[in-house]
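These are my notebook entries on one chain, written down in the order in which I looked things up. I begin with a single residue and then move outwards to the strands, the cores, the salt bridges and the surface.

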Amino acid sequence: MNNRQFVLVAGYGWTGSSALVDMLKEYDHMYEADVEFRLIKDPKGIADLYNNIVTKWDPLNVDIAIRDFLWLVNKLNKPKNKLSFNSGLGYCNYFGDNYLKASKQYLSDITDFKYSSFWWYLDFINTPFNIYKRKISKKLFKDTKNEQMFFSDISSEYFIEKTHIFITSLFEPIIDRDSRYIILDQAVSAQNCLQEMIFIPDSKVIIVDRDPRDIYADLMKDGNLIGQELKKSHDVNKYIAWHKALRKSRSDIKGSENVLFIRFEDLIYSYDETERSIEEFLGLSHDGHKRRKEIFTPEISAKNVGFWKNTLTSNELDIIRSNLKEDLYL
């Protein structure tokens, strides 16, 4: 995908990254991947695969890591269906048949060979039916090596090269011909973006953060992540520990020329300056912002600033101010 760049938008949860995605969509030559791209950062994903095959190599860990990634690939491929016990994220509908084909090729590229063997951990992850089948086979045929296990011993450079080819092969068939930028929202985590962005070719990361008072209020309202606990206990100290932990790598990340930090509030109240920063960072033409404020409207999003004023108690506010004052907006 020559002359194309991936724009990886990340946040810390309820920080307003979707507002930035909406703004970027207003530029010419932008393609938004309208799907949650979970293959990099999620458990059993490419980052975990890399750690087990390259960073902390062990033949048994390699086998499990490849099995886990294959499980995730197949799970994500299944259609979304809230009424089903076997629901996925619908990659079959978004990427089409090419998704499983490209994934199979990728696994083939990073696997040296398969071999017949067995070790006790496989019974931990096998279905009861497969365990029963293996034991019957062992008893009748004295066959204890009836599993196909994966072996891989490849370099970091080779792994990354094949991963770039894999990511490219997923998007190349579906993006518009004139698209120069591919927006992926939440494809990498804000905490580990430097380690995870290496798996996506020609990529830059923009991290969106927001006033902790509004994050706290929104988490309680929606009841997601730690929000369910906060809604029940109003234990602001748990939120502060959560907030700080998610941002403990921030000072190291800020030194990277491939990562830009912006504030949600600045998208609204310092729109022109933030727009220039984003354009300079990504190499966007200001004239290419053809649909300026048509998708992201600062005046409408302003209602999400200061949401905490009608939600938090004075005690909660005092504790947040004293512990997170450097992150407060005004």
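**Entry 1: Ser 189**

I looked up Ser 189 and found it in the loop between strand 5 and helix 9 (193-196), where helices (H or I, at least four residues) and strands (E, at least two) are DSSP runs numbered from the N terminus. Is Ser 189 buried or exposed? I noted it as buried because its relative accessible area is 10%, and the cut-offs are under 20% for buried, over 50% for exposed and in between for partly exposed (1.4 Å probe, protein chains only). Leaving aside residues up to four places away in sequence, Ser 189 touches Ala 10, Lys 41 and Glu 196, a contact being heavy atoms within 4.5 Å.

**Entry 2: What kind of model this is**

I must keep in mind that this is a predicted model, in which local features need pLDDT of at least 70 and side-chain atom pairs count only at pLDDT 80 or more, while totals for chains, interfaces and linings use all residues. Residues are numbered from 1 along each chain as its sequence is written, and side-chain values use heavy atoms, with hydrogens and water left out.

**Entry 3: The chain as a whole**

I recorded 17 helices and seven strands in the chain, whose C-alpha trace spans about 75 × 50 × 40 Å along its principal axes. Of the 330 residues, 49% count as buried. Among the contacts with a separation of 6 or more, 77% come from residues 24 or more positions apart.

**Entry 4: Strand 6 and its neighbours**

I turned next to strand 6, which is mostly covered, seven of its seven residues being buried. Ser 203, Val 205, Ile 207 and Asp 209 point one way from this strand, whereas Lys 204, Ile 206 and Val 208 point the other way. Which strands pair with strand 6? Strand 1 pairs with strand 6 in the parallel sense over six bridges, and strand 7 (residues 259-263) also runs parallel to strand 6, joined by five bridges; two strands pair if DSSP finds at least two bridges between them. As examples I wrote down Val 7, whose bridge partner in strand 6 is Lys 204, and Val 208, which stands opposite Ile 262 in strand 7.

**Entry 5: The nonpolar cores**

I then looked for nonpolar cores, meaning sets of buried Ala, Val, Leu, Ile, Met, Phe, Trp, Tyr and Cys residues joined through side-chain atoms within 4.5 Å. The largest has 53 residues, and those with the most contacts inside it are Phe 37, Leu 39, Phe 159, Phe 171 and Leu 184. The elements that give two or more residues to this core include strand 1 (5-11), helix 8 (156-171), strand 5 (181-185) and strand 6 (203-209), but helix 3 gives the most, with seven residues. Apart from this core lies another, of 24 residues, among them Val 9, Met 23, Leu 260 and Phe 296. I added a general remark that in soluble globular proteins nonpolar side chains tend to be buried together.

**Entry 6: Salt bridges**

How many salt bridges does the structure hold? I noted 20, each one a side-chain nitrogen of Lys or Arg within 4 Å of a carboxyl oxygen of Asp or Glu. The side chains of Glu 229 and Lys 232 meet in one of them (3.6 Å, N to O), and both residues lie in helix 11 (residues 227-233), three residues apart, about one turn of the helix. Glu 229 counts as partly exposed because its relative accessibility is 21%, whereas Lys 232, at 67%, counts as exposed. Glu 229 also forms a salt bridge with Lys 238, the closest N and O atoms being 3.0 Å apart.

Arg 250 forms a salt bridge with Asp 327, with 3.2 Å between the closest N and O atoms. This pair links distant parts of the chain, 77 residues apart, with Arg 250 in helix 13 (residues 250-253) and Asp 327 in the segment after helix 17 (314-323). Both Arg 250 and Asp 327 are buried, and they are linked with Asp 209 and Arg 247 in a network of salt bridges.

**Entry 7: Ile 125**

My last look was at Ile 125, which is found in helix 6 (residues 121-125). I listed Ile 125 as partly exposed because its relative accessibility is 42%.
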